[in-house]
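Biologist: Please take a close look at the nonpolar side of this model. I would like to hear about the interior, then the surface.

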Amino acid sequence: MRNIAIMLALLLLPYWALIPTHLSEPLRGKMGVSLVFAFTAIGHFVKTSEMTQMLPPWMPMRVPLVYVTGVFEFFAAVAILFPSLARCAGIALCIFLFLILPSNVYAAFQRIDFGGHGAGPIYLLVRVPLQLFLIGWIYWFAVKQP
């Protein structure tokens, strides 16, 4: 559950801490998204074997898939900060969050001891709302904004 606390802090702290600055609300929101996905991207390279376990054994090329999604998350974390790329990056991240939900469900039911999934299916009561919150946040600050 520690990862969830870290992700929420990375998402919300820049938004609140930078209120006194001249930065726009959408930019502050996108900065949090960028930090969250930079953090999770690093996990793909530092905790590759743990992340690989979150995928069912029948899935082909699990390790390369973990690396590819890590690279995607890193590039999306950067792209969302550029006004010309933010909307496309936001849409891609929203779709990505929907696509990875089954791996989180699988990991929780298999009690994979990584990122809170070891708590079992009860973890999904926290994880699923977090992913929906992230999707809403990304939509609000990156997709909906002109």
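Modeller: What follows goes from the interior to the surface. Keep in mind that this is a predicted model.

The largest nonpolar core has 26 residues. Within it, Val33, Phe37, Ile80, Leu93, Leu97, Trp137 and Ile138 touch the most other members. Several helices build this core. Helix 1 (2–17), helix 2 (25–46), helix 4 (62–79), helix 5 (83–109) and helix 6 (124–143) each give at least two residues. Helix 6 supplies the largest share, with 7 residues.

Ile138 is worth a closer look. Set aside its neighbours within four places in sequence, and Ile138 is in contact with Val33, Phe37, Ile80, Gly90, Leu93, Cys94, Leu97 and Val143. Val33, Phe37, Ile80, Leu93 and Leu97, among these partners, are also among the core members that touch the most others.

There is also a second, separate core. This one has 7 residues, including Met51, Val66, Ala107 and Phe114.

Now the surface. A nonpolar patch is formed there by Ile42, Phe45, Val46, Val63, Tyr67, Val71, Phe74, Phe75, Val78, Leu81, Phe82 and Leu85. Together these residues have about 1,100 Å² of accessible area. Helix 2 and helix 4 each contribute at least two patch residues. The largest share, 6 residues, comes from helix 4.

Phe75 is one of the patch residues, and it lies in helix 4. Phe75 counts as exposed because its relative accessibility is 54%, and the cut-off for exposed is over 50%. Helix 4 thus appears in both settings: at least two of its residues belong to the largest core, and 6 belong to the surface patch.

Key. Residues are numbered from 1 along each chain as its sequence is written. This is a predicted model: local features need pLDDT of at least 70, side-chain atom pairs count only at pLDDT 80 or more; totals for chains, interfaces and linings use all residues. Side-chain values use heavy atoms; hydrogens and water are left out. A nonpolar core is a set of buried Ala, Val, Leu, Ile, Met, Phe, Trp, Tyr and Cys residues joined through side-chain atoms within 4.5 Å. Buried means under 20% relative accessible area, exposed over 50%, partly exposed in between (1.4 Å probe, protein chains only). Helices (H or I, at least four residues) and strands (E, at least two) are DSSP runs, numbered from the N terminus. Contact means heavy atoms within 4.5 Å. Patches are made of residues with over 30% relative accessible area and no salt bridge: like charges are joined within 9 Å, nonpolar side chains (Val, Leu, Ile, Met, Phe, Trp, Tyr) within 5 Å. Accessible areas come from the Shrake-Rupley method with a 1.4 Å probe; for residues, only the protein chains shown count as cover. A salt bridge is a side-chain nitrogen of Lys or Arg within 4 Å of a carboxyl oxygen of Asp or Glu.
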